[in-house]
Number of protein chains: 2
Amino acid sequence: MESGPIAPRRGRPPVSDRQRQRQRLDISRHAVRLFAEQGVAATSGAQIARAAGVSERTLWRCFSTKESCVEPLLTESIGAFRAVLYAWPPEVGLTEHLRASYRPALASPSGGDTEAVLAVIRMTQDEPGLRAAYLMLRERAEETFTEVLAERTGRPVDALDVRVQAAAMSAVLKVATDDFAQAVAGQGITPEALRRHREQLADALGVVTRGPQEGGWDACGDSVAGHVAEAP
Amino acid sequence: MESGPIAPRRGRPPVSDRQRQRQRLDISRHAVRLFAEQGVAATSGAQIARAAGVSERTLWRCFSTKESCVEPLLTESIGAFRAVLYAWPPEVGLTEHLRASYRPALASPSGGDTEAVLAVIRMTQDEPGLRAAYLMLRERAEETFTEVLAERTGRPVDALDVRVQAAAMSAVLKVATDDFAQAVAGQGITPEALRRHREQLADALGVVTRGPQEGGWDACGDSVAGHVAEAP
DNA sequence: ATCATTATTGGCAGTCACTGACAATAAAGT
DNA sequence: ACTTTATTGTCAGTGACTGCCAATAATGAT
């Protein structure tokens with residue numbers, strides 16, 4: 001694995017990945033704010049670039065698409081779930097682990113991005129371009145779920161059953177997250193809503209990872225009903 | 001529900017939805033062929049329009065995006081699975097029903113689109129634009145799964161557990177389909193490969209709808225291993 | 001400090017996906 | 001033939017995105 005004695009570097013060193021992420025995240029924040037204020041269609045690439053204090057050219061170097069500017073912010077949110085997965089002790093069930101330690105990262109990192117993230121997720125319902133970017137991102141996240149599950153079960157990462165399980169978890173997380181974003185639309189994020197979200201997610205993941213708790217399919221509905229906000 | 005005595009129509013009648021679908025499907029076939037031949041980037045909207053024998057303007061009236069031209073063809077394929085779902089008798093388990101009656105619609109409708117559909121699915125692995133369109137489509141299909149499940153269980157279509165189940169099924173179907181498309185890449189679609197695909201899908205759906213057959217999570221891998229083509 | 005070297009950014013021009021507005025045409029009824 | 005309504009085509013325009021090169025920044029060597 002030794003790549004030999006590296007020649008002493010010359011010239012300007014490449015910028016660290018850390019810095020790259022910083023830049024992307026910074027741009028992302030401005031883009032999301034503009035999208036929320038004026039809509040996606042009405043926000044131009046030039047406008048995003050100006051707001052972020054970079055040239056339009058570097059904007060397109062960082063993001064291949066106007067809509068993909070939302071990626072870093074959303075990644076921040078999904079990363080929280082991934083972190084919980086990584087900390088999943090082998091002996092305990094996923095449901096219990098989530099109940100115990102899932103404080104949706106929607107609240108944790110870097111502070112104030114939470115509302116913005118939820119706003120984007122809500123926007124993806126009506127803006128096809130954003131939805132597409134959102135789905136692409138979730139699929140990339142699916143891969144990291146696969147890695148976690150593979151390591152946990154000792155199976156290869158490309159085994160079909162591992163990928164299936166990861167895909168199912170990702171899908172469930174998506175539904176629960178979208179639902180949460182809708183639920184806290186008007187009022188802010190209440191601790192109560194957060195608790196309900198965690199319970200829903202734990203229940204739903206339990207269903208796809210272990211099957212309904214008691215009996216057949218029909219029992220499943222009742223077991224979740226207590227946490228479901230019934231829409232008219 | 002009566003909308004009153006309709007005034008006798010004047011002027012040219014709107015074209016039937018049937019015709020619209022026909023036109024879209026026709027364009028879709030040409031677009032997919034061109035994408036496969038020269039790549040997505042190298043295929044212009046004008047080129048697709050010319051090939052389909054319509055003006056560029058009507059092309060953009062039919063499809064909002066160059067990449068979304070693949071939709072009708074892919075929809076055709078997913079529709080087959082949906083049909084099997086609709087024919088799912090209440091008393092039998094999903095796994096058995098699939099084993100019995102899932103002859104992947106990838107082969108059935110209108111004949112020769114099968115190879116093209118699989119080609120597109122394979123292309124989505126490398127072409128981000130196509131992948132995005134593919135994911136959007138699958139999410140729309142998810143809604144119809146939700147309807148089927150809701151009717152089957154008597155629960156409302158917007159109930160969270162129903163949506164979760166539908167999302168999980170959709171995700172599983174995606175993984176299995178992508179895997180199948182990869183598996184038959186070089187050689188054509190052999191009956192053997194088709195059988196394996198059906199078995200994998202039935203197994204995988206069994207996992208997310210009923211949990212692993214015997215014991216806990218760890219047993220799951222073994223129960224599927226027989227059907228999994230092990231990659232190096 | 002100055003120079004050589006390499007990485008990043010900005011400016012500019014060009015292409016192409018996509019849209020709005022309007023003219024042209026097709027398909028009906030009278 | 002004339003009116004009415006739905007669809008299609010034409011044309012010009014906007015804006016996302018790319019390739020190319022100059023400008024600048026950050027480092028090591030002299």
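**Figure 1. Aromatic pairs in this predicted model.** Searching the whole structure turns up four aromatic pairs over all chains. One of them brings together A:Phe81 and A:Tyr102, an edge-to-face pair with 5.9 Å from centre to centre and 85° between the planes. These two partners come from distant parts of the chain: A:Phe81 belongs to helix H4 (residues 71-86) of chain A, while A:Tyr102 is in the loop between helix H5 (94-101) and helix H6 (113-123), 21 residues apart. A:Phe81 is buried, at a relative accessible area of 2%, and A:Tyr102 is buried too, at 5%.

**Figure 2. A second ring partner for A:Phe81 is A:Phe145.** This pair is edge-to-face as well, with the centres 5.4 Å apart and 65° between the planes. A:Phe81 sits in helix H4 and A:Phe145 in helix H7 (residues 128-153) of chain A, so the pair ties together parts that are 64 residues apart in sequence. A:Phe145 is buried, with just 1% relative accessible area. Put the ring pairs together and you get a cluster made of A:Phe81, A:Tyr102 and A:Phe145.

**Figure 3. Arginine over tryptophan, in chain A and in chain B.** In chain A, look for A:Arg152, whose charged end sits over the ring of A:Trp88, 3.3 Å from the ring centre. In chain B, the charged end of B:Arg152 sits over the ring of B:Trp88, and here the distance to the centre is 3.2 Å.

**Figure 4. The protein surface around DNA strand C.** DNA strand C has 25 residues around it, and the closest are A:Arg12, A:Thr58, A:Arg61, B:Arg57 and B:Lys66. Of the strand C atoms that come within 4 Å of the protein, 58% belong to sugar and phosphate. Sorted by class, this surface has ten polar, nine charged and six nonpolar residues.

**Figure 5. Polar contacts with DNA strand C, including one to a base oxygen.** That one is from A:Arg57, which has a polar side-chain atom 3.3 Å from a base oxygen of the strand. A:Thr58 goes for the backbone of the DNA instead: a polar side-chain atom of this residue is 2.8 Å from a phosphate oxygen. From chain B, B:Lys66 has a polar backbone atom 2.6 Å from a phosphate oxygen of strand C. The elements giving two or more residues to the surface near the strand are helix H1 (17-38) and helix H3 (56-62) of chain A, along with helix H3 (56-62) of chain B. H3 of chain A gives the most, with three residues.

Note on methods
Residues numbered from 1 in each chain as written. Chains lettered and ligands numbered in written order. Predicted model: local features only at pLDDT ≥ 70, side-chain atom pairs only at ≥ 80, totals over all residues. Heavy atoms only, no water. Phe/Tyr/Trp six-rings, centres within 6.5 Å; stacked < 30°, edge-to-face > 60°. Helix = DSSP H or I, 4+ residues; strand = E, 2+ residues; numbered from the N terminus. Buried < 20%, exposed > 50% of the residue type's maximum accessible area, 1.4 Å probe, protein only. Lys NZ or Arg CZ within 6 Å of the ring centre and 35° of its normal. Near = heavy atom within 4 Å. Polar contact = N/O pair within 3.5 Å; in protein donor to acceptor, adjacent residues only side chain to side chain. Nonpolar A, V, L, I, M, F, W, Y, C, P; charged D, E, K, R; others polar.
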